[in-house]
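Hi everyone, thanks for coming. Let me put today's chain up on the screen, and then we can walk through it together.

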Amino acid sequence: EFWGIGTMASASHILKPTRTVSRPTPVATGPDSGSDSPAKVVRIASRSPPGSPPGKPDGSRGGYGSPVGARSPTSLSTRPAPSTLAPVGGAPGLKMVREFLHPSKTWQVREPTGGHLQTFDARWSPDDELIAAGYVDGGLRLFDVNSGKLLHSLYVDDSEDAEMLQRQIKYRPKMTVISLSTVTGLRWLPGKKGRDRRLAMCDSKGNVRSYAVPVVGKDMMNVQWQEGGEATDFGALQCLDWTVDGSNVIVAGSARKLLVLDASDGRPVTRIGHDDPSVKMSHSNRIFGLRCASHTPAIAITAAMDNSVMMWDLRAGEAVRAFSGPGLVMSSGDPVDISQNGDALVTVTHTIGGEVALWDAGGSGVMASMNLSMCPGGATCVQFSKDYVSTEMVIGTEGDPSCVFVRRTDKLDTTAPSGRSWDLSLAGHTSVLAPIWCADFAHLSRRAVAGSANGTLTIYSV
């Protein structure tokens, strides 16, 4: 159970971006029009906007699994009926269907300060039945997608302190933010479902853990192995992923190198990148974004504070391609992804106005781009949909926080170096209450989850 001190300044090295920067945006732009059918939204964990009354145990602000407008068994109060948010920028509006509260919102007395509820990562399980979310308070929480219930909390106690409840103490700090081991990265083992599910996690103190997640009865999560920690040279870890064949877990962070671990026991296999004289290209600043390719276990991509994206050949142990430009500004978050068939990379720019760009994975440069003029804040994260051709992207922004859906259309183009080009169009957009730090598409449907700085997880469908 965690009580904070109300300031995040001392932990800036583990936080997501708190401001945008003004930098030139790439000259190339693409179409930014178009619309499709309205999207739906389900919230899994929520926090009230500033000035709202605290959560009540009587259900007046809902609870786990409470549909909007549901009546609590112990209260006559109800929430307003569902409403459709106004469309923005010509895109379809989003319909709010359900709202699920952060555990502390059901407490009768006090709650942690808002900064401690920030969601740093949220990922769908391969069977789309669970969502795992990591928070700045060090908590790793499992949610049931269908029922909306919080199934399990790891490393934190989400129950109310009985002594504080009896004494009616509203707030008492117990530790500083700097002492937290923030969950910075989560990834599920590809293709494993049901009792075979496995989840990898990394944190800001250099720990990497692998869990079996059967979710059968009381058997929720079991640690299979743990590696790293402050006594190692891993540094503060920011991101990780499994190779598609499940043989390795790749982690990266402040050490500016890729650490390849054996997925069976966590044993370090090799280190690639910074300080390796045999590597011709490497990042010059910390790495905060990492994705392993879905079409081959040999390829991984990384994004770093040096405003570059690199493609790595894990077999050869070197970077084989770099993607950068004067308008590509990345300061944190999850700003890069690779398509399911490996034909394209997508990046977002953390500048005022922002931009989403599609890069040819073969090295032909930017094939399409679109200015996010409907989102004056910078873009922090982007993820492709998991259909074979990755036709859609979900983007999170801050400043004037928004969740954006963008669709790409592939077409033949004899003038392009690769023989094809893409068009980008806006498929959906809505403003939200807090900056979005992470987003992920479901595996079996056209749904995406977005995690916000106020601890809210929101599911959108298009």
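What share of the contacts in the chain with a separation of 6 or more comes from residues 24 or more positions apart? It is 57%, where contact means heavy atoms within 4.5 Å.

A quick word on what you are looking at. This is a predicted model, where local features need pLDDT of at least 70, side-chain atom pairs count only at pLDDT 80 or more, and totals for chains, interfaces and linings use all residues. Residues are numbered from 1 along each chain as its sequence is written, and side-chain values use heavy atoms, with hydrogens and water left out.

Now the overall picture. The chain has 1 helix and 29 strands; these are DSSP runs numbered from the N terminus, with helices being H or I of at least four residues and strands E of at least two. Of the 462 residues, 57% are buried, meaning under 20% relative accessible area with a 1.4 Å probe and protein chains only, while exposed is over 50% and partly exposed is in between. About 17500 Å² is exposed by the chain, and carbon and sulfur atoms supply 51% of that; the areas come from the Shrake-Rupley method with a 1.4 Å probe, and for residues only the protein chains shown count as cover.

Let's zoom in on one sheet. Four strands form an open sheet in the order β19-β20-β21-β22, with antiparallel pairing; two strands pair if DSSP finds at least two bridges between them. At the edges sit β19 (336–338) and β22 (365–371), each pairing on one side only. In the middle, β20 (residues 344–348) and β21 (residues 355–360) run antiparallel and are joined by 5 bridges. One partnership to look for is A344 with D360 in β21.

Some of those strands come back in the largest nonpolar core, which has 21 residues. By nonpolar core I mean a set of buried Ala, Val, Leu, Ile, Met, Phe, Trp, Tyr and Cys residues joined through side-chain atoms within 4.5 Å. V356, L372, M393, I395 and L424 have the most contacts inside it. Elements giving two or more residues to this core include β20, β21, β22 and β26 (420–431).

On to the aromatics. There are 3 aromatic pairs, counting rings of Phe, Tyr and Trp (its six-membered ring) with centres within 6.5 Å; planes under 30 degrees apart are stacked, over 60 edge-to-face, and the rest tilted. F323 and W359 make an edge-to-face pair, 5.9 Å centre to centre with 80° between the planes. F323 is in strand β18 (residues 318–323) and W359 in strand β21, so this pair ties together parts that are 36 residues apart in sequence. F323 is buried at a relative accessible area of 3%, and W359 is buried at 10%.

F405 and F441 also pair edge-to-face, at 6.0 Å centre to centre and 75° between the planes. Both F405 and F441 are buried, and together with Y460 they form one aromatic cluster.

Two last residues before we chat. T119, in strand β3 (residues 119–124), is buried at 0% relative accessibility. Leaving aside neighbours within four places in sequence, T119 contacts residues including A133, Y135, W437 and L457. R198, in strand β8 (residues 198–203), is also buried, with a relative accessible area of 16%. Not counting residues up to four places away in sequence, R198 touches W188, W225 and W242, among others.
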